[in-house]
Amino acid sequence: MPTTKSAKNHEISLYTKSSDSGLKGLFIVIEGIDGSGKTTQTKLLAEKLKRQNLNTLVTAEPSDSPVGKHIKDILNGNLNVPPQMLALLFAADRIEHVYFTIKPALEQGNIVVSDRYYYSSIAYQGGMGVDQNYIRCINSFVVKPDLAFLISVDPLSARKRLKDQRKQLQLTEDEELQLKAFKIYEELVKQGDLIEIDGNSSIEEISNSIWELVTGKLIK
Ligand code: ADP
Ligand code: TYD
């Protein structure tokens, strides 16, 4: 099923393969610890897709929903909640995000690129000590991504990038938690849930690696 628009003088020749989710569009997720380069790579990937005239939606979690805003308040240290509750809030935000944003866009044949998804809950709330089966259970409604990448950067380098960027760190940016989340992410790679990309290389090299794998899901 083509998801492309006609360009002025020629037909764009990228077509999405039938996606694993059974929906028309293609769902791509970018994961990693804070400072790994997710936002940079999400933006670059979306630019490349748009340059091919592919309808692309860029989104992120936590979302801008009321629950997402509540989560951001918690992360900024304005509220103290038990980690099990934080896992539920992220799952609730995700339900809204999937229901109102991700699924409709995929049904219309768009390519959706999300900066974080439920793997973040497994890594971070898992790192906070919440049972991983419980996290998977409360996220079991999810639309499975067609491609989910882990931008893998060791926590020390990622932290240095963050410190260069801003002074005030969020609750989840605690050093010990980042290390735990990093280890869980690596387990998710071993289990085949995430595709590992070396995040220590240059921004351009990482972007090219991601692009190669994304175009592998598209037919020329
Ligand atoms: P995240 O969204 O994962 O927290 P960002 O994309 O915001 O990460 O990147 C954090 C900082 O690191 C930014 O200043 C960004 O320019 C820089 N950065 C991103 N990727 C790389 C890279 N491969 N090498 C060096 N610095 C990078
Ligand atoms: P992030 O996307 O890094 O936001 P920002 O770019 O504003 O820093 O997300 C904020 C934090 O939320 C990040 O440290 C990871 C954490 N997080 C979880 O703990 N669980 C989740 O399910 C998600 C989506 C994010």
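Student: What makes β5 mostly covered?

Tutor: This is a predicted model, and in it 5 of the 6 residues of β5 are buried. A residue counts as buried if 20 or more other C-beta atoms lie within 10 Å of its own.

Student: Which strands pair with β5, and in what sense?

Tutor: β2 and β5 run parallel and are joined by 4 bridges. β5 also pairs with β6 (residues 195-198), in the parallel sense, over 4 bridges. Pairing requires at least two bridges, so 4 bridges satisfy the rule. Between β2 and β5, V29 has A148 as its bridge partner, while F149 is partnered by I195 in β6.

Student: How do you know that α4 is mostly covered?

Tutor: In α4, 10 of its 10 residues are buried. Among them are Y118, S120, I122, Y124 and G127. The buried residues of α4 pack against β2 (26-31), α3, α5 (132-138), β5 (147-152) and α7 (175-190). After α4 comes G129, whose phi is positive, near 100°.

Student: Is G68 buried or exposed, and what number decides it?

Tutor: G68 has 20 other C-beta atoms within 10 Å. The cut-off for buried is 20 or more, so a count of 20 qualifies. G68 is therefore called buried. G68 sits in helix α2 (residues 66-75). Leaving out residues up to four places away in sequence, G68 touches P62, S63 and D93. The C-alpha atoms of G68 and L89 are 7.9 Å apart, with their positions 21 residues apart in sequence.

Student: What is the geometry of the bond that joins E61 and P62?

Tutor: The peptide bond joining E61 and P62 is cis, with omega about -5°. P62 lies in the loop between β3 (56-60) and α2.

Student: Why is T39 called partly exposed?

Tutor: T39 has 16 other C-beta atoms within 10 Å. Buried needs 20 or more and exposed needs 12 or fewer, so 16 falls in between. T39 is in helix α1, and its C-alpha is 9.5 Å from that of S114, although the two are 75 residues apart in sequence.

Student: Which residues come nearest to ligand 1?

Tutor: T39 is one of them; the others named are G37, K38, T40 and R161, out of 13 residues around ligand 1. Two or more residues each come from α1 (38-51), α6 (155-165) and α8 (203-215). The largest share is from α1, with 3 residues. By class, the shell has 2 nonpolar, 8 polar and 3 charged residues.

Student: How many residues surround ligand 2, and which are the closest?

Tutor: There are 15, and the closest are F90, S120, S121, Y124 and T172. Helix α4 gives the most to this shell, with 4 residues. The classes divide into 5 nonpolar, 5 polar and 5 charged.

Student: What is the phi of N53, and what is the phi of R116?

Tutor: N53 has a positive phi of about 65° and is not a glycine. R116, also not a glycine, has a positive phi of about 85°. N53 lies in the loop between α1 and β3, and R116 in the loop between β4 (111-115) and α4.

Student: How do you know whether N53 and R116 are buried or partly exposed?

Tutor: N53 has 15 other C-beta atoms within 10 Å, and R116 has 23. With buried set at 20 or more, 23 passes and 15 does not; 15 also misses the exposed limit of 12 or fewer. R116 is therefore buried, and N53 partly exposed.

Student: Which residues have the most contacts inside the largest nonpolar core?

Tutor: I28, V112 and F149, in a core of 47 residues. Helix α3 (residues 83-107) gives the most to this core, with 8 residues. Beyond its neighbours within four places in sequence, V112 is in contact with residues including F27, I28, L57, I102 and L106.

Student: What is the mean pLDDT of the chain?

Tutor: The mean is 89, and 90% of the residues reach 70 or more. Over residues 1-14 the pLDDT is below 50, although this stretch has 28 contacts in the model beyond near neighbours in sequence. Where pLDDT is low, the predicted coordinates should not be read in detail.

Definitions and conventions
Residues numbered from 1 in each chain as written. Chains lettered and ligands numbered in written order. Predicted model: local features only at pLDDT ≥ 70, side-chain atom pairs only at ≥ 80, totals over all residues. Core = buried A, V, L, I, M, F, W, Y, C linked by C-beta atoms within 7 Å. Contact = placed C-beta atoms within 7 Å. Near = placed C-beta within 6 Å. Nonpolar A, V, L, I, M, F, W, Y, C, P; charged D, E, K, R; others polar. pLDDT = per-residue confidence, 0-100.
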